[in-house]
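This report examines a complex of two protein chains. It considers confidence, the fold, the contact between the chains and the annotated spans in turn.

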Amino acid sequence: MLIYTLKRLLQAIPTLLIVITISFFLMRVAPGGPFDGERQLPPEIEANLEAAYHLDEPLPMQYLRYMGNLLHGDFGPSFKYKDFSVTELIMQGFPVSLEIGGLAILLALIIGLPLGIAAAIKRNSTVDYLVMGTALTGIAVPNFVLAPIFALVFGVLLAWLPAGGWNGGALPNLVLPVVALSIQQIAYIARMMRASMIEVLGSHFIRTARAKGLNEGEVIFRHAIRTALLPVMSYLGPAIAGIITGSVVIEQIFGIPGIGRYFVQGALNRDYTLVMGTVVFYGVLIVLMNLIVDLLYSALDPQIRYDD
Amino acid sequence: MTSESKPYSGDNADGAPLPAGGPNPPRAPEPETTAAPAASAAPAGESLARDAWRRLSQNRAAMASLALLIAIILVCIAGPWFLPWGLAEVDWNAFGTGPTLENAHFLGTDANGRDLLTRVLYGGRVSLSVALVASFVSLVIGVLYGAISGYLGGRVDNLMMRFVDIMYSLPFMFLVILLMVVFGRNIFLIYAAIGAVEWLDMARIVRGQTLALKRREFIEAAHALGVRDTKIVTRHLIPNAIGPVIIYVTLTVPKVILLESFLSFLGLGVQEPLTSWGVLISEGVDMMESAPWMLLVPSFFLAATLFCLNFLGDGLRDALDPRTR
């Protein structure tokens with residue numbers, strides 16, 4: 001187990017190197033620079049600025065310098081948000097993104113799993129059709145459509161909840177973004193849970209459990225659900241990645257100061273270091289999450305052993 | 001009658017006769033809609049495609065979705081010819097009016113006085129073409145990559161799949177966004193970028209199929225006959241892996257449409273004067289309070305298309321998956 005974990009962490013290094021290298025050079029070949037503005041800066045000032053940020057060095061030198069700093073955990077200064085380092089911006093934004101993302105995943109599991117289980121037990125009944133129809137709608141209506149409609153209906157027309165803003169993470173401000181972010185995942189999880197539950201309910205060990213006289217509740221809760229949860233667990237990795245991408249839009253719509261918004265703004269503003277920082281940060285996050293999900297999976301399923 | 005217990009004969013996809021095994025009860029004559037020439041020469045069996053089509057046509061939800069999908073596609077292609085307004089044509093008498101029969105603004109106009117129905121249909125052309133081309137790109141890359149990797153096996157396979165693993169853990173959405181920012185919002189780039197992102201699952205699926213297939217007798221027979229490797233891959237392996245591939249393509253298409261809309265929504269998609277459903281939705285969001293139809297109309301088209309594609313994908317999976325027989 002420990003060896004497997006170490007191996008996976010070692011494998012993550014080339015992945016991250018690729019991410020960093022691609023995004024570094026992509027940003028630099030882009031036309032336009034961080035100091036392009038409405039007003040043309042005098043050439044001397046621009047030269048000074050470039051020197052201050054080491055942008056006047058040859059590209060390979062800049063790359064090596066960036067990598068060196070990265071090894072020390074230094075993402076460099078932001079070009080647009082003056083007086084802030086990228087690390088500071090990420091550390092400001094991440095707790096916010098983590099809060100809505102984490103809550104959204106939790107909500108998706110709390111609602112999606114029971115729905116899927118109910119649909120599987122009552123297969124081909126009204127409950128099943130209702131749940132699956134709703135789930136399909138959740139998949140077909142993307143969150144960037146749902147979110148503004150939520151904001152309009154609950155925020156503006158009914159005025160039950162604030163239509164946007166963060167307000168230090170107050171509960172009313174959390175509701176709409178978290179719900180909008182989780183709906184698609186609820187739909188996916190409910191569908192997966194239903195499919196996996198139906199497969200498990202048809203298997204031999206469930207027949208055995210019934211044959212030896214267990215009541216239906218025990219069959220479902222003690223035997224079926226545990227087994228059926230496994231494929232859904234392995235979906236959590238992609239789900240987390242999906243929530244992260246989704247939050248880019250959701251943060252934009254609800255005006256939430258998370259990392260997603262920094263990323264989009266940074267990309268549009270050619271804020272090299274900020275974009276690089278967010279991409280690297282998300283890369284590390286996704287790699288770690290996938291690893292955790294895989295380890296969790298092996299802990300739950302005795303058939304899977306990572307011995308090598 | 002529908003539940004003839006015959007083995008999943010993937011090697012029958014090209015309409016070759018089935019190995020004559022098991023009695024085939026006489027069937028009621030079926031409309032010869034999809035009959036391939038070879039199928040008529042093989043009365044003992046049924047080509048996989050025909051079998052799948054029969055099963056699919058019994059699935060009402062899938063057939064309704066297919067019909068609606070075809071309708072949406074036809075309307076997007078032909079509709080603009082019959083509408084009096086052009087894509088960027090401004091009606092100086094109607095800025096941001098709601099749906100009305102007057103001046104043929106059936107679904108209203110946007111804030112700049114452009115007819116919304118016309119724009120939605122043109123946007124549909126873009127969104128659907130992105131879906132088609134990008135899915136095709138991912139299909140070609142994924143199938144070839146997966147088939148080669150699975151067929152060659154050994155160290156090459158290991159290396160190729162390790163590469164796929166690395167690609168999997170890249171935060172792709174961000175790289176696509178970077179690409180769009182860097183190279184400008186070009187529709188051909190969108191085709192390529194999305195296609196290049198979506199081939200990974202396809203490669204894994206095809207590799208798995210290939211691994212299972214390449215030990216089968218007919219591949220051995222091909223070897224024994226001296227068929228070249230490239231020909232075995234293209235003529236024998238890929239056609240036989242086609243079932244799961246079709247299922248996966250129907251699931252890729254909605255993903256691609258969604259991805260394009262997502263990019264367009266962030267302002268990174270196609271550029272004016274071109275438009276797409278994602279662009280229209282994002283314009284609609286800005287005008288949501290004063291002109292809700294601007295959000296609702298393109299959202300409806302997008303959602304209906306995604307809905308149909310998902311239903312169709314589910315139906316195809318049921319029709320092609322041997323385990324559900």
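In this predicted model, the mean pLDDT of the elements of chain B is lowest in helix 1 of chain B (residues 37–40), at 42, and highest in helix 4 of chain B (residues 116–152), at 85. The stretch of residues 1–43 of chain B has a pLDDT below 50, and beyond near neighbours in sequence it has 45 contacts in the model. Where pLDDT is low, the predicted coordinates should not be read in detail. Averaged over chain B, the pLDDT is 74, and 75% of the residues score at least 70. For the complex, the predictor reports a pTM of 0.74 and an ipTM of 0.73.

Chain B is built from 12 helices and 0 strands. Of its 325 residues, 42% are buried. Among contacts in chain B with a separation of 6 or more, 69% join residues 24 or more positions apart.

The contact between the chains draws on 33 residues from chain A and 27 residues from chain B. On the side of chain A that touches chain B, at least two residues come from each of helix 1 (2–29), helix 5 (126–140), helix 6 (143–157), helix 9 (216–254), helix 10 (259–269) and helix 11 (272–300) of chain A. Helix 1 of chain A gives the largest share of this side, with 9 residues. By residue class, the side of chain A that touches chain B comprises 28 nonpolar residues, 5 polar residues and no charged ones.

Why does helix 2 of chain A lie largely in the open? Helix 2 of chain A covers residues 43–52, and the number buried among its 10 residues is 0, so this helix lies largely in the open. A residue counts as buried if 20 or more other C-beta atoms lie within 10 Å of its own. Just after helix 2 of chain A, H54(A) adopts a positive phi of about 60°.

For chain A, an unreviewed UniProt entry places the feature "transmembrane region" at residues 12–30, 100–121, 133–158, 170–190, 232–254 and 274–297. Two of these spans of chain A are set out below.

| Span of chain A | Helix | Strand | Distance between end C-alpha atoms |
|---|---|---|---|
| Residues 100–121 | 100% | 0% | 32 Å |
| Residues 274–297 | 100% | 0% | 34 Å |

Key: Residues numbered from 1 in each chain as written. Chains lettered and ligands numbered in written order. Predicted model: local features only at pLDDT ≥ 70, side-chain atom pairs only at ≥ 80, totals over all residues. Buried ≥ 20, exposed ≤ 12 C-beta atoms within 10 Å, placed from the backbone. Helix = DSSP H or I, 4+ residues; strand = E, 2+ residues; numbered from the N terminus. UniProt positions renumbered as here; feature names shortened; annotations may be inferred. pLDDT = per-residue confidence, 0-100. Contact = placed C-beta atoms within 7 Å. Nonpolar A, V, L, I, M, F, W, Y, C, P; charged D, E, K, R; others polar.
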